[in-house]
Amino acid sequence: MLTDYHVHLRPDDPGTPAELYFTAANAERYREIAAERGVKELGVSEHIHRFSAALDVWQHPFWRENAVDDLDAYVSFVREETDLRLGIEADFIAGREDRMANLLDAHEWDYVIGSVHFLGNYAVDNDDATDVWRHETTAERIWKAYFEALARSALTGMYDIIAHPDLVKIWGSARPAPSRDPRFYYEPAIEAMLDAGVAMEVSTAGLRKPVGEIYPARAMIEMAVDAGVPIALSSDAHRSEHLAYGYETAVELLTDCGVKEIAVFDRRARRMEPLG
Ligand SMILES: [Zn+2]
Ligand SMILES: [Zn+2]
């Protein structure tokens with residue numbers, strides 16, 4: 001079994017109308033390309049901040065700029081016009097957990113993907129004025145804050161999958177890295193994922209980013225495997241050609257790390273299926 005659950009039908013660019021992408025034909029195209037690449041379990045997980053309802057949770061300027069789509073319309077579209085699993089990528093915003101939980105509880109998802117993109121008001125993966133690296137002092141502080149937020153996100157109970165678990169490395173050598181062994185930062189996050197009973201995403205999206213590596217690093221996958229944290233596999237595609245991107249590399253890495261099964265979701269129930 002191969003899965004691709006962390007998938008966006010529409011690109012991130014602001015101003016792109018949802019109607020162009022939330023169509024049965026687009027979903028069918030995704031389905032066909034995924035099938036050609038051996039992916040049987042396909043789901044979509046649009047960014048929560050693309051939906052106007054997300055402004056009840058948080059009013060960050062980046063969200064206000066992007067929150068234009070109708071969440072109910074997305075949910076009905078996926079359920080009624082496609083055979084895709086229904087997911088959502090929902091940020092962990094510290095202090096906004098109850099509001100986010102209320103928003104998520106209003107719909108019946110197959111899975112909810114939790115992401116840490118923001119530390120306070122600053123972004124981990126936006127190379128603009130909101131970039132956390134322009135506001136924080138050291139790599140140690142940023143990495144610590146990032147993985148602490150990741151641990152907290154797992155423990156909210158809102159999520160089934162914790163996305164791109166070491167997203168903080170996205171810029172690769174273009175940003176400083178902490179000098180100590182990264183396992184120091186991973187450890188509390190792994191423990192939280194285990195305690196919370198959530199799956200950890202292995203994402204090939206990092207291969208398309210400046211860092212040029214799968215999320216997370218091999219050492220973090222090994223720690224998850226040792227601890228018994230289930231693994232979920234996705235590409236974080238934002239267009240159909242990204243589906244299952246780099247999966248040969250991912251399957252080889254996972255196999256090397258001793259992963260034999262990956263997580264499959266149906267109405268928020270998880271089961272494990274053989275990898276491959
Ligand atoms: Zn993300
Ligand atoms: Zn995503």
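This is a short conversation about reading salt bridges in a predicted model.

Reader: Happy to start with the basics. How many salt bridges does the structure hold?

Author: The structure holds 18 salt bridges. When reading one, begin with the partners and their N to O distance, then ask where each residue lies. Glu-41 and Arg-85 form such a pair, with 3.1 Å between the closest N and O atoms.

Reader: Which parts does the pair of Glu-41 and Arg-85 tie together?

Author: Glu-41 belongs to strand 2 (residues 41-47) and Arg-85 to strand 3 (residues 85-91), so the salt bridge ties together parts that are 44 residues apart in sequence.

Reader: And is Glu-41 buried or exposed?

Author: Glu-41 is buried, at a relative accessible area of 10%. Its partner Arg-85 is partly exposed, with a value of 21%; the cut-off for buried is under 20%.

Reader: Let's try another. Where do Arg-267 and Glu-108 lie?

Author: Their side chains meet in a salt bridge of 3.1 Å, N to O. Arg-267 sits in the loop between strand 10 (261-266) and strand 11 (269-274), while Glu-108 is in the loop between helix 4 (97-105) and strand 4 (111-115), so this pair ties together parts that are 159 residues apart in sequence. Arg-267 is partly exposed, at 43% relative accessible area, and Glu-108 is exposed, at 53%.

Reader: Which residues are linked in a network of salt bridges?

Author: Asp-127, Asp-131, Arg-134 and Arg-175 are linked in this way. Within that group, Asp-127 forms a salt bridge with Arg-134, their closest N and O atoms being 3.3 Å apart. Asp-127 counts as partly exposed, at 49% relative accessibility.

Methods
Residues numbered from 1 in each chain as written. Chains lettered and ligands numbered in written order. Predicted model: local features only at pLDDT ≥ 70, side-chain atom pairs only at ≥ 80, totals over all residues. Heavy atoms only, no water. Salt bridge = Lys/Arg side-chain N within 4 Å of Asp/Glu carboxyl O. Helix = DSSP H or I, 4+ residues; strand = E, 2+ residues; numbered from the N terminus. Buried < 20%, exposed > 50% of the residue type's maximum accessible area, 1.4 Å probe, protein only.
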